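Me: Could you take a close look at one part of this model, namely the surroundings of its ligands, and then follow the chain outwards from there? I would like a single connected account.

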Amino acid sequence: METIRILSPNQIKTVEKEAVDSYFLTEEILMESAALSVYNIIVERFKGFSVIIYCGPGNNGGDGLALGRILSNNGYKVYIDIIDSSKYNGASKRNFQAAEKLGLLENKIDIKGDKTLIVDAIFGVGLNRVIADDIQGIISSINSLQNPVISLDIPSGINGFNGKIMGEQCINSDITVTFIAPKIGLYLFPGANFCGEIIIESLSLPPALFNKLSAPRVNKPIKIKPRKTDIHKSSYGKVINISGSENYFGAPYFVSKAALLSGCGYSMLSSPPSIKEAISSIAPELVYINESDIIDSVKSSSCTVFGPGLGVNYRSKSLLKKIIKIETKNLIIDGDGLTILADSMKRIKNIQSSLILTPHPKEMSRLLGKTLDEVENSRIESALELSTISNAIVVLKGVYSVITTPQKDVYINTESSNSLATAGSGDILCGIIAGLCGYTDPLSAVKSAVYIHGKVGQYAKEQIGDFGVTANSLLSFIPEVINSHLDTNL
Ligand SMILES: NC(=O)C1=CN([C@@H]2O[C@H](COP(=O)(O)OP(=O)(O)OC[C@H]3O[C@@H](n4cnc5c(N)ncnc54)[C@H](OP(=O)(O)O)[C@@H]3O)[C@@H](O)[C@H]2O)[C@@H](O)CC1
Ligand SMILES: Nc1ncnc2c1ncn2[C@@H]1O[C@H](COP(=O)(O)OP(=O)(O)O)[C@@H](O)[C@H]1O
Ligand SMILES: [K+]
């Protein structure tokens, strides 16, 4: 499966131009394919519904007009509400004429009808200014209804470049069917709140059109090789987790346990003695490491985790100084480890291990000396900046976590769940990465772990519900997610 690129509206236009100029496709073919792809979704999910389509002045409106024709010719009751027909040309104009001829602009449908679907084809990636009051009124009246809404390409009102809302409101969709490639604005807030389920319809364009583009990739679903037969407890890695303090007794447990549940056969923990007592009965499979043995354990491990709940104090600062000098395999710095690192960024270049940094936005703001808003408004750029400065794989956490590499690759994780917004969930991510580092390369480990973590959130929400997911309950879904992604062909 090709990796899907997330494009800016300008890149989409470049792809379209090259498809037409070099591959002999036409605007009509693309519009018809887009409309057909949505028709198939409606047949599958909204059988027997009447459909009201709101069509704007450009090609997004053209897609809506083509969809209306296809639906109507296949027995659906369709009404098309035209917002402005004066600018139609090319494929949009032909689809407008076809819809007119079929009488689709005339017979209104009772919008409050039980089974009435609304299609939003007002604006796509051509939205280029703040929406004026008259169209804003249409958008708010659609939003005030209970009917299901499908947006074509992007919910009207969202800026495809940056996720900003170009007026008071954008369409609040249940489903967004996005064409050719997902637009970056679908994954940036506040717009990302209004997209509902995002379905990507690639329109079967030649993959070569995307090769030259420098654009983030969607973090692909994982495939995990089943465990071999002839293995022992260290074959799938040894993790040492240096974390926890008086007040943060959960972090050490969540990291070390998540590493074990992700395949690591030997999970070592270095924490203050009070934590050993607290968690030894609930996690007897962990191996406790005394302060004097930390350095040797780091040297022999497949992955070291430094920082979750560790506290920022003399001990933790001097430990980090020692650890970054050791040549070890993989080092994940998270939580308080990142806060300590933010105060000594010049040391980052001396780190001997393959480095993984997993900041949330506040930690990222400390590391880069930016405000939180600056980080949130430039998530991809911020993650890339940190990867470059630190020569590390970076995960900037959030609803759509961003993964970057020093080679400037960018991946956006699109599978996640708000059930992950619970204390300790970041520790679990850290543990999954550490676990996977034992049997796969660091970038694959990070990408797979972020994917698994997102799926764990989804599974937990599905089984527990909207409320009630805690870090403890997340743990139990890790094996289920990994085992359902095993691929015997690998
Ligand atoms: N690319 C492809 O390969 C494919 C593209 N496809 C489809 O085409 C869509 C892009 O079409 P598009 O470029 O015509 O833009 P679109 O979003 O319909 O709007 C432009 C119109 O809106 C107007 N306008 C803008 N802002 C406004 C405002 N605030 N208030 C009022 N008016 C405003 C603007 O007016 P102007 O600036 O010219 O005055 C212009 O008339 C894309 O999203 C996808 O759905 C598919 O067919 C598959 C293949
Ligand atoms: N609303 C949300 N949707 C999806 N993922 C979320 C959401 N909120 C938080 N997450 C994920 O949960 C984790 C929280 O990590 P972090 O803030 O470090 O928590 P903690 O320090 O309590 O463990 C991150 O992986 C983040 O991407
Ligand atoms: K739209």
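Reply: What follows goes from one ligand to the other, and then to some backbone features and a helix.

This is a predicted model, and the account begins with ligand 1. Around ligand 1 there are 21 residues, and the closest of them are N60, D63, G124, R129 and D153. Two of the polar contacts here involve the backbone: a backbone N or O atom of G126 lies 2.9 Å from an oxygen atom of ligand 1, and a backbone N or O atom of R129 lies 2.7 Å from a nitrogen atom of the ligand. D153 contributes through its side chain, where a polar atom is placed 2.5 Å from an oxygen atom of ligand 1. Taken alone, ligand 1 exposes 950 Å², and the protein buries 83% of that area.

D153 deserves a second look for its backbone. Its phi is positive, at about 75°, although the residue is not a glycine, and its position is in the loop between β4 (149-152) and β5. Is D153 buried or exposed? With a relative accessible area of 8%, D153 counts as buried, because that value is under the 20% cut-off.

Ligand 2 has a shell of 17 residues, of which K397, G398, G424, S425 and G426 come nearest. By class, this shell is made up of five nonpolar, ten polar and two charged residues. The element that gives the most to the shell is helix α15, which spans residues 425-437 and supplies four residues. S425, the residue at which the range of α15 begins, has a polar side-chain atom 2.9 Å from an oxygen atom of ligand 2. A polar side-chain atom of S401 lies 3.3 Å from an oxygen atom of ligand 2, while for G398 it is a backbone N or O atom that lies 2.8 Å from an oxygen atom of the ligand. On its own, ligand 2 has 580 Å² of accessible area, and the protein covers 77% of it.

Away from the ligands, two further loops carry backbone features worth checking by eye. In the loop between β5 (175-179) and β6 (197-201) one finds P190, and the peptide bond that leads from F189 to P190 is cis, with omega near 10°. S204, in the loop between β6 and α6 (208-211), has a phi near 50°, which is a positive value in a residue other than glycine. S204 is exposed, because its relative accessible area of 69% is over the 50% cut-off.

The last element is helix α16, residues 442-464, which has 23 residues and reaches 32 Å from its first C-alpha to its last, close to the 33 Å expected at 1.5 Å a residue. P442 lies in this helix and is partly exposed, with a relative accessible area of 23%. Leaving aside neighbours within four places in sequence, P442 is in contact with N330, S354, I356 and I393. The C-alpha atoms of P442 and I393 are separated by 8.1 Å, although the two residues are 49 residues apart along the chain. Just after α16 comes G465, with a positive phi of about 120°.

To return to the ligands, D153 links two parts of this account, since its side chain has a polar atom 2.5 Å from an oxygen atom of ligand 1 and its backbone has a positive phi of about 75°.

Technical notes
Residues are numbered from 1 along each chain as its sequence is written. Chains are lettered from A and ligands numbered from 1 in the order in which they are written. This is a predicted model: local features need pLDDT of at least 70, side-chain atom pairs count only at pLDDT 80 or more; totals for chains, interfaces and linings use all residues. Side-chain values use heavy atoms; hydrogens and water are left out. A residue is near a molecule or strand if one of its heavy atoms lies within 4 Å of it. A polar contact is a pair of N or O atoms within 3.5 Å; within protein, one must be able to donate a hydrogen and the other to accept it, and residues adjacent in sequence count only if both atoms are side-chain atoms. Accessible areas come from the Shrake-Rupley method with a 1.4 Å probe; for residues, only the protein chains shown count as cover. Helices (H or I, at least four residues) and strands (E, at least two) are DSSP runs, numbered from the N terminus. Ala, Val, Leu, Ile, Met, Phe, Trp, Tyr, Cys and Pro count as nonpolar, Asp, Glu, Lys and Arg as charged, and the others, Gly among them, as polar. The expected span of a helix is 1.5 Å times one less than its number of residues. Buried means under 20% relative accessible area, exposed over 50%, partly exposed in between (1.4 Å probe, protein chains only). Contact means heavy atoms within 4.5 Å.
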